[in-house]
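These are my notebook entries on one structure. I set down what I looked up, entry by entry.

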2 protein chains.
Amino acid sequence: MNITLAHCQSFDNQDPVRELRELFSLPPGVIYLDGNSLGVMPKTAPARVADVVSREWGTDLIQSWNKNGWFQMPQKVGNKIARLIGANAGEVVATDSTSINLFKVLSAALNIAAKDAPRRKRIVSERSNFPTDLYIAEALCKERGFELDLVEPEEIAASLTAEVAVLMLTHVNYRTGAMHDMTAITAAAHAEGILTVWDLAHSAGAVPVDLTAAKADFAVGCGYKYLNGGPGAPAFVWVNPLHTDRFWQPLAGWWGHAAPFAFTPDYQPAAGITRYMCGTQPMISLAALDCGLDAMLAAESLGGMLALRKKSLALTDLFIQLVQERCAGHGLGLATPSAHGQRGSQVCLTREEGAYAIVQALIARGVVGDYRAGDGARDKDILRFGFTPLYIGFEDVWHAVEHLRQVLETGEWKKPEFNRKHAVT
Amino acid sequence: MNITLAHCQSFDNQDPVRELRELFSLPPGVIYLDGNSLGVMPKTAPARVADVVSREWGTDLIQSWNKNGWFQMPQKVGNKIARLIGANAGEVVATDSTSINLFKVLSAALNIAAKDAPRRKRIVSERSNFPTDLYIAEALCKERGFELDLVEPEEIAASLTAEVAVLMLTHVNYRTGAMHDMTAITAAAHAEGILTVWDLAHSAGAVPVDLTAAKADFAVGCGYKYLNGGPGAPAFVWVNPLHTDRFWQPLAGWWGHAAPFAFTPDYQPAAGITRYMCGTQPMISLAALDCGLDAMLAAESLGGMLALRKKSLALTDLFIQLVQERCAGHGLGLATPSAHGQRGSQVCLTREEGAYAIVQALIARGVVGDYRAGDGARDKDILRFGFTPLYIGFEDVWHAVEHLRQVLETGEWKKPEFNRKHAVT
C-alpha cells in the first residue's frame with residue numbers, strides 16, 4: 001500500500017518530539033530542508049541577542065566579562081555541546097571556526113605522532129571529505145613534512161598502515177549523508193597505532209555520537225548546522241582527556257593561557273580543553289549559539305538524541321520511499337546509503353541532468369534544499385535534503401516530495417530562470 | 001591659570017566633532033574611559049543586529065549568503081577598516097581574532113624569510129607587547145625553529161641585525177599608551193632586510209595610521225576596541241600587496257580558497273587578501289562591527305582621523321594637566337609619554353600602592369577605567385584611562401579627574417570592597 005498524505009499526518013500526530021518544533025521560528029510558506037547547512041532560528045534568539053547587545057554590551061560594557069559571564073561562555077556553551085557528543089563537562093569549548101579548530105587538533109595530533117612515532121609521516125583522509133578539512137590537512141602536511149593520502153571510503157581499512165600517524169574523517173559525509181562507524185574505525189586505527197580526528201559537522205545534533213565510548217582522540221564540529229547557532233556561529237573542539245594536557249597546539253593565544261590576566265610574556269597553556277582556545281570570542285554570535293543548544297537540549301526530557309535519531313530515520317525513510325513511489329521514472333538515483341547504520345540525517349538524490357535547476361525550481365516553490373556539483377567521474381551532481389528532526393515533520397516530507405514530483409512531471413525545472421548559476425552554499 | 005570646569009565646557013562647545021557622540025549609546029551616569037578595551041555601542045547596532053537575526057537568519061535563512069551579502073561581509077567591512085589605516089580597498093578583511101590573524105601573517109612572514117633569507121632565524125618584539133602576540137610568536141618560533149628576542153623599546157634599533165627575519169610590534173602599547181614611529185621603525189627594519197608586522201589593536205580608529213606610506217609589510221588589529229564593533233568582534237588583517245600573492249598562510253580554510261564552492265580536494269589560495277580568510281565567519285557579530293565602522297566613518301565629513309587625533313591629544317593633554325593640577329601630592333606618576341608623537345589615545349597613571357583599589361573606587365563612582373598589574377621591576381601597576389575622541393568630551397575629563405581627586409583625598413580607595421581582586425579585563 002502506498003503512503004498517503006493522511007499517513008504522514010498521522011505520523012506527525014504520533015511523533016513524541018513534535019512539540020520541539022514550537023521552539024523554532026520556521027519561515028512561513030517554506031519547507032526548510034537545509035538545516036544541514038544553516039539551521040533555523042530558535043525563537044529565543046532575538047530577545048537573547050538583543051539583551052546581549054543592548055544591556056550586556058550597551059549598558060554593562062566592560063563589566064560584562066565578569067558580571068554577565070562572557071569569559072566563561074566558550075566553556076558554558078561547550079558543556080552543552082558535550083551532552084550531545086558523548087563528552088564530559090569540561091572537555092569541550094565553543095570557539096573559532098571548524099577549520100581553525102581542525103588546525104589545532106591536527107597540529108596536536110602531529111605533535112604526538114612526532115614524539116611517539118616519528119617514522120609515521122602520513123595523514124589518511126577521505127577524498128570526498130569536506131574540502132576545508134583537506135585544505136587544512138594539506139597545509140599542515142606541507143609545514144610539517146607529512147603526506148596526505150586521500151582514499152575512497154572502502155579503501156580506509158586497507159590504508160591504515162604503520163606509516164600513518166593520523167586518520168582524519170568526517171563522521172557524516174557532507175555530500176552523500178553516508179555515516180562512518182566511528183567506534184569500529186577508531187578501534188581499527190588504534191590497533192595500528194593511529195590517532196583519529198573526527199569532524200562532527202554533520203553529526204553533532206543530527207545523530208547520536210559517543211566520543212568517549214568510541215575512544216576517539218580528537219573531534220571538532222560546527223555550530224550553525226544541526227546545532228542551530230546562527231550564521232557562522234562559533235564551532236567546537238573536543239580532545240580526549242588522555243591527550244589534552246600532554247600536548248599543546250600552536251594557536252597559542254591568551255584565552256588558552258593558564259593565567260590570561262597575569263599578562264606574562266611567556267606562554268603557559270591552561271589545563272584541560274581551555275588550552276584549545278586562542279583569542280577573544282564573538283560574544284553576540286556565541287549567545288545565539290547558546291539559544292540553539294538550549295532548544296536542542298529541550299529534547300532531553302523527550303528521549304534525547306535517541307528519540308531524535310528515531311524520528312530522523314523515519315523522516316529519511318519516508319522521503320526515500322515517497323520519492324520511489326511518486327517520482328519513479330524521472331531518473332532520480334539515491335546517493336545516501338539505505339542502511340540505517342550508514343545514514344546521517346540527510347538524503348541526497350542524483351540525476352544525470354538538471355540537478356541544479358531542479359533544486360532552484362523547488363526553492364522557488366518554497367522547498368529549500370541545496371545542490372552540490374559532482375566531479376563528473378565517481379560523484380554525480382547531487383540534490384541534497386536535510387531532515388532536522390527537531391523541526392521537520394512528516395507532512396513536510398509529503399509536500400516536499402509532491403513539489404518534486406510536479407517539478408519533474410511538468411518539466412518546470414527547464415525554465416531559463418532555474419538554470420542560471422550563481423554562488424551556492 | 002588653572003583649568004576650570006567652565007573651560008572644559010567651552011572646549012566641548014568648540015569641539016568640531018562633538019556631534020559624533022550622538023551616534024553612540026552612552027550608559028547613563030557613567031564616564032566610560034575604557035573604550036580602549038571595549039568600545040561603546042553605536043546606536044544603530046540593536047536594530048541592525050535584530051534585522052540580521054530575525055530577517056536574514058530567521059526568514060531568509062540559507063539564501064542570505066547571496067541575497068543579504070553574507071559572503072562579502074569580511075571584505076565589505078574590511079574595506080571600511082582600510083580607510084582608517086591607510087590601506088586600499090581590497091587589501092583588508094575582517095575575520096577571526098587578532099591572535100589568529102597574527103598567526104597567519106607571522107607564518108607568511110616566516111615563509112618569506114625562509115625563502116629569501118634562510119639564515120635569518122630570529123623574531124624581535126617588545127617585552128611589554130600584548131602577551132597574546134608574544135605567545136603566538138613563541139609558538140611559531142617553536143614550530144619553525146626560530147628564536148624570539150624580547151627587548152625594551154629603547155633597544156629596538158640596536159636589535160635589528162642580520163640574524164633577524166621579522167620585527168613584530170604593537171603600534172600603541174596596551175599598558176602605557178606609548179606609540180612607536182611606524183614609518184621610521186619600518187624604514188630602519190627594511191634597511192636591515194627585516195620584515196615588519198604591526199599590531200594596530202590600540203591604534204586603528206584611535207590615531208592616524210598610514211600603512212601604505214609607512215611601507216609596512218603586515219598588519220593586524222582588533223574590532224572591539226576603538227572600532228566599537230562589540231564584544232569579541234572579528235579582528236582584521238592587512239598584507240602589503242607586494243607580498244599578498246607571493247606567499248600563503250597555513251590556516252588554509254575554504255573561505256580563503258580561489259573557488260570555495262567548486263569543492264575541489266586541493267587548496268588553491270584566492271588572489272589577494274581573501275587568502276587570509278579561513279573558515280565561516282560569525283555574521284551576527286560581524287554586522288555589529290559594521291555598525292561601529294559606520295559610526296566611525298561618519299567622522300570623515302568632519303575632518304576624519306586628523307580631526308579625531310587633534311581632539312584625542314587635547315583630551316589626553318587635558319587629563320594629564322588636570323591630574324597634575326588637582327591630584328598633586330597623591331603619589332601619581334605618568335607612564336604615558338608626554339610627547340604627542342609618542343602617545344596613543346590613552347593615559348596611564350602609576351602609583352606605588354593602591355592602583356587596583358583606586359580603579360575599583362572610580363568604577364563604583366561611574367568612572368570606568370581599568371587596572372593593569374606591573375611586573376614589579378621595570379613596570380609599575382597602572383591605572384589605565386582610554387579617551388575615545390568619538391564620544392568622550394572635555395567635561396567628562398573634568399569630572400573623571402574630580403572623582404579621582406576625591407577618591408585619593410578621602411582615602412575612599414582603602415575600603416575593603418575596593419581591595420578584593422577578581423578577574424580583570
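**Entry 1. The sheet of four strands**

In what order do the 4 strands of the open sheet in chain A lie, and is the pairing parallel or antiparallel? I read the order as S11-S12-S15-S14, with antiparallel pairing. I keep in mind throughout that this is a predicted model. At the edges I found strand S11 (333-334) and strand S14 (370-372) of chain A, each of which pairs on one side only.

I then looked up the pair S12 and S15. Strand S12 (residues 346-350) and strand S15 (residues 382-386) of chain A run antiparallel and are joined by 5 bridges. For A:Cys348 I noted A:Arg384 as the bridge partner in S15(A).

Which helix of chain A lies across S11, S12 and S15? I identified helix H12 (residues 304-326), which runs at about 25° to S12(A).

**Entry 2. Domains of chain A**

I consulted the domain assignment of chain A. Domain 1 is given as 5-41 + 304-418, and domain 2 as 71-298. I recorded 29 Å between the centres of the two domains, taken over C-alpha atoms. Across their boundary, 29 residues of domain 1 are in contact with 25 residues of domain 2 in chain A.

Which element gives the most to the side of domain 1 of chain A that touches domain 2? I found H12(A) there, with 4 residues. Both H12 and S12 of chain A supply at least two residues each to that side of domain 1. H12 thus appears in two of my entries: it lies across S11, S12 and S15, and it contributes to the side of domain 1 that touches domain 2.

**Entry 3. The sheet of seven strands**

I turned next to the open sheet of 7 strands in chain A. Its order is S4-S10-S9-S8-S7-S5-S6, and the pairing is mixed. The edge strands are strand S4 (92-94) and strand S6 (147-151) of chain A, each paired on one side only. Neighbouring strands in this sheet are turned by 15° against each other on average, direction ignored.

At the S4 edge I counted 3 bridges between S4(A) and strand S10 (residues 236-239) of chain A, and these two strands run antiparallel. A:Val92 has A:Trp238 as its bridge partner in S10(A). I also noted that helix H4 (residues 73-82) of chain A lies across S4 and S10, running at about 120° to S4(A).

**Entry 4. The nonpolar core**

Which residues have the most contacts inside the largest nonpolar core? I listed A:Ile85, A:Leu106 and A:Val166, together with B:Ile85, B:Leu106 and B:Val166; the core has 292 residues.

I followed A:Val166 further. A:Val166 belongs to strand S7 (residues 164-170) of chain A. I class A:Val166 as buried, because it has 26 C-beta neighbours inside 10 Å. Leaving aside neighbours within four places in sequence, its contacts include A:Leu106, A:Ala109, A:Ile123 and A:Val197. I also looked up A:Gly229, which is 63 residues from A:Val166 in sequence and 30 Å from it in space, C-alpha to C-alpha.

For A:Leu106, again not counting residues up to four places away in sequence, I found that it touches A:Ile136, A:Ala137, A:Leu140, A:Val166, A:Met168 and A:Val197.

**Entry 5. Positive phi values**

I checked two residues other than glycine with positive phi. A:Leu61 has phi near 50° and sits in the loop between helix H2 (45-60) and helix H3 (64-67) of chain A. Is A:Leu61 buried or exposed? I entered A:Leu61 as buried, because 23 other C-beta atoms lie within 10 Å and the cut-off for buried is 20 or more.

B:Asp96 has a positive phi of about 50° although it is not a glycine. I located B:Asp96 in the loop between strand S4 (92-94) and helix H5 (98-116) of chain B. B:Asp96 counts as buried, because it has 34 C-beta neighbours inside 10 Å.

**Entry 6. The two chains**

What rotation superposes chain A on chain B? I recorded 180°, with 0.0 Å of shift along the axis and an RMSD of 0.0 Å. I therefore entered the relation as that of a two-fold axis. Of the residues of chain A, A:Ser285 comes closest to the rotation axis, at 2.8 Å (C-alpha).

I last compared the interface residues. Of those in chain A, 100% are also interface residues in chain B, so the copies meet through the same surface.

How values were computed. Residues numbered from 1 in each chain as written. Chains lettered and ligands numbered in written order. Predicted model: local features only at pLDDT ≥ 70, side-chain atom pairs only at ≥ 80, totals over all residues. Pairing = 2+ DSSP bridges. Contact = placed C-beta atoms within 7 Å. Axes fitted to C-alpha atoms, helices over the stretch in contact; angles between N-to-C directions. Buried ≥ 20, exposed ≤ 12 C-beta atoms within 10 Å, placed from the backbone. Least-squares fit on C-alpha atoms with pLDDT ≥ 70 in both. Core = buried A, V, L, I, M, F, W, Y, C linked by C-beta atoms within 7 Å. Domains from an automatic or database assignment.
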